[in-house]
Amino acid sequence: RVSQSMDKALDNIALGGDPPLPGASAKYYVAIQVVNRTNRSQLEVEGIVRRALSAKLLSNSANAVAPRNESNQQATNIVNGRKLKGYVLSASVEPFSYAGGNLTVVLKVSMSTYPDRSLKAEFSPKLTQKDTPKEDAAAERVLVKMAAENAADSFSKVVASL
């Protein structure tokens, strides 16, 4: 029981903790799901993507971010109760590519309504760092973070057009 509590606390720290409740000016409620297709740990990759997406989204008061383990019923209650438009960003971090002396990171993101999951858009930020011929964990983290921030920008552009 203590071990479970410690594991949950460590996960919460790695993933950035629960986001704040939607503010008065919130229009959009965004859930984040992360699929890790790299050789890095799920917790590490999900933490980088979730923290970067959340921070970028929450920098705009029109956005609110759903907690990681929220149920569909909880999401429905918040979306309907606060008259928000709900979306889920499903982000897949693709295997890192080291080719031609460069590191390339791709984040494939699908944007769907939330909680009913009707696909609205897809975008795939792709970033390359030159002169990176061998595995560089720090560069991978930086590029994944930047790709997640680019995905948040893409979300903002798409949602404004809907």
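This is a short walk through one predicted protein model, from the overall fold down to a few individual residues.

Let me start with the overall layout. The protein has four helices and seven strands. Read from the N terminus, the order is α-β-α-β-α-β-β-β-β-β-α. The protein has 162 residues, and 42% of them are buried. Taking the contacts with a separation of 6 or more, 69% are between residues 24 or more positions apart. The accessible surface is about 8,900 Å², and carbon and sulfur atoms account for 51% of that.

Now the sheet, beginning with strand E3, residues 85–93. Seven of its nine residues are buried, so E3 is largely enclosed by the rest of the structure. Which strands does E3 pair with? One partner is strand E1, residues 28–36; the two run parallel and are joined by nine bridges. Another is strand E5, residues 102–113, which runs antiparallel to E3, with seven bridges between them. To give one position on each side: asparagine 36 stands opposite valine 93 in E3, and alanine 91 has valine 109 in E5 as its bridge partner.

Asparagine 36 deserves a closer look. This residue is in strand E1. Is asparagine 36 buried or exposed? Its relative accessibility is 17%, and the cut-off for buried is under 20%, so asparagine 36 counts as buried. As for polar partners, its side chain reaches the backbone oxygen of arginine 40 at 2.7 Å. A polar atom of the same side chain lies 3.4 Å from the backbone oxygen of serine 41. If we leave aside neighbours within four places in sequence, asparagine 36 is in contact with Ser41, Gln42, Val45 and Val93. Val93 is the residue already named opposite asparagine 36 in E3.

Val45 takes us to helix H2, where it is one of the buried residues. H2 has 17 residues and spans 23 Å from first C-alpha to last, close to the 24 Å expected at 1.5 Å a residue. The buried residues of H2 are Val45, Glu46, Gly47, Ile48, Val49, Arg50, Ala52, Leu53, Ser54 and Leu57. As background, an α-helix has 3.6 residues a turn, so residues three or four places apart point the same way. Note that the buried set in H2 includes Glu46 and Arg50 as well as residues such as Ile48 and Leu53.

After H2 comes a loop that leads to strand E2, residues 63–65, and asparagine 60 is found in that loop. Asparagine 60 is partly exposed, with a relative accessible area of 35%. Its C-alpha is 8.8 Å from that of alanine 26, although the two are 34 residues apart in sequence.

Next, the aromatic rings. There are four aromatic pairs in total. I will show two of them. In one, tyrosine 28 and phenylalanine 155 are edge-to-face, at 6.4 Å centre to centre and 90° between the planes. This pair links distant parts of the chain, with tyrosine 28 in strand E1 and phenylalanine 155 in helix H4, residues 137–161; they are 127 residues apart. Tyrosine 28 and phenylalanine 155 are both buried. In the other, tyrosine 87 and phenylalanine 155 are again edge-to-face, at 5.7 Å centre to centre and 75° between the planes. Tyrosine 87 is in strand E3, 68 residues from phenylalanine 155 in helix H4. Tyrosine 87 is buried as well. Tyr28, Tyr87 and Phe155 form one aromatic cluster.

Last, some backbone geometry for anyone who checks torsions. Where is the cis peptide bond? It joins tyrosine 114 and proline 115, with omega at about 10°. Proline 115 is in the loop between E5 and strand E6, residues 119–123. The loop between E5 and E6 also holds arginine 117, whose phi is near 65°, a positive value in a residue other than glycine. Arginine 117 counts as partly exposed, at 40% relative accessibility. Lysine 83 also has a positive phi, about 55°, and is not a glycine either. Lysine 83 lies in the loop between helix H3, residues 72–81, and E3. With a relative accessible area of 74%, lysine 83 is exposed.

Technical notes:
Residues are numbered from 1 along each chain as its sequence is written. This is a predicted model: local features need pLDDT of at least 70, side-chain atom pairs count only at pLDDT 80 or more; totals for chains, interfaces and linings use all residues. Side-chain values use heavy atoms; hydrogens and water are left out. Buried means under 20% relative accessible area, exposed over 50%, partly exposed in between (1.4 Å probe, protein chains only). Contact means heavy atoms within 4.5 Å. Accessible areas come from the Shrake-Rupley method with a 1.4 Å probe; for residues, only the protein chains shown count as cover. The expected span of a helix is 1.5 Å times one less than its number of residues. Two strands pair if DSSP finds at least two bridges between them. A polar contact is a pair of N or O atoms within 3.5 Å; within protein, one must be able to donate a hydrogen and the other to accept it, and residues adjacent in sequence count only if both atoms are side-chain atoms. Rings of Phe, Tyr and Trp (its six-membered ring) pair if their centres lie within 6.5 Å; planes under 30 degrees apart count as stacked, over 60 as edge-to-face and the rest as tilted.
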